[in-house]
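Here is a short guided walk through one chain, going from a helix to a sheet. Have the sequence and the model open as you read.

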Amino acid sequence: MIEMASSAGLLLLLDQWSKRIAQVHARDSCISWGPLLRIRYVANLQAIYSRQGARAGLVLVWGAAVVSAIALHGSGAWFQSSSALIGLGSALGGAPGNLLDILRRRGVVDFIDLTWWPVFNLADVAIVAGLAMAFWPQS
């Protein structure tokens, strides 16, 4: 469980730090790193993020995911390896990164632009890669 908690905390801090850096340095400009990667600040504002009930619902869903993950680990049925716990922690740390944006800004800060994919952030990467790592078959 230490692996899950520490990877979640680290991911949350890294996500919030990277969004702040993007907001400060790329708010009014686009920083290109070669032909396929740009750092471009995008405030992803959705109407649903302004609804109090929707924001409360997102917090409840995240809390239910944390409780479910702990219960599944405790049962011995899932998430027994260190890599699964680190992956799960990454996903559970990335999700509140976006959730904090929704609660504070009524939108999500995105900044990684691959030019051929919608702009995203480190929390999005952590959620997808973390869940893949958590559910990857262990040999």
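Leaving aside its neighbours within four places in sequence, which residues is methionine 4 in contact with? They are Ile70, Leu85, Leu88, Gly89 and Leu92, where contact means heavy atoms within 4.5 Å. Before going on, note that this is a predicted model, in which local features need pLDDT of at least 70, side-chain atom pairs count only at pLDDT 80 or more, and totals for chains, interfaces and linings use all residues. Residues are numbered from 1 along each chain as its sequence is written, and side-chain values use heavy atoms, with hydrogens and water left out.

Methionine 4 belongs to helix α1, residues 2-26. (Helices are DSSP runs of H or I with at least four residues, strands are runs of E with at least two, and both are numbered from the N terminus.) Methionine 4 counts as buried because its relative accessibility is 7%; buried means under 20% relative accessible area, exposed over 50%, and partly exposed in between, with a 1.4 Å probe and protein chains only. Its C-alpha atom is 8.4 Å from that of leucine 92, although 88 residues separate the two along the chain.

Now to the sheet. It is open and has three strands in the order β1-β2-β3, with antiparallel pairing; two strands pair if DSSP finds at least two bridges between them. At the edges are β1 and β3 (108-113), each pairing on one side only. Between β1 and β2 (residues 38-44) there are three bridges.

Serine 32 sits in β1, residues 30-32, and stands opposite arginine 38 in β2. At 49% relative accessibility, serine 32 counts as partly exposed.
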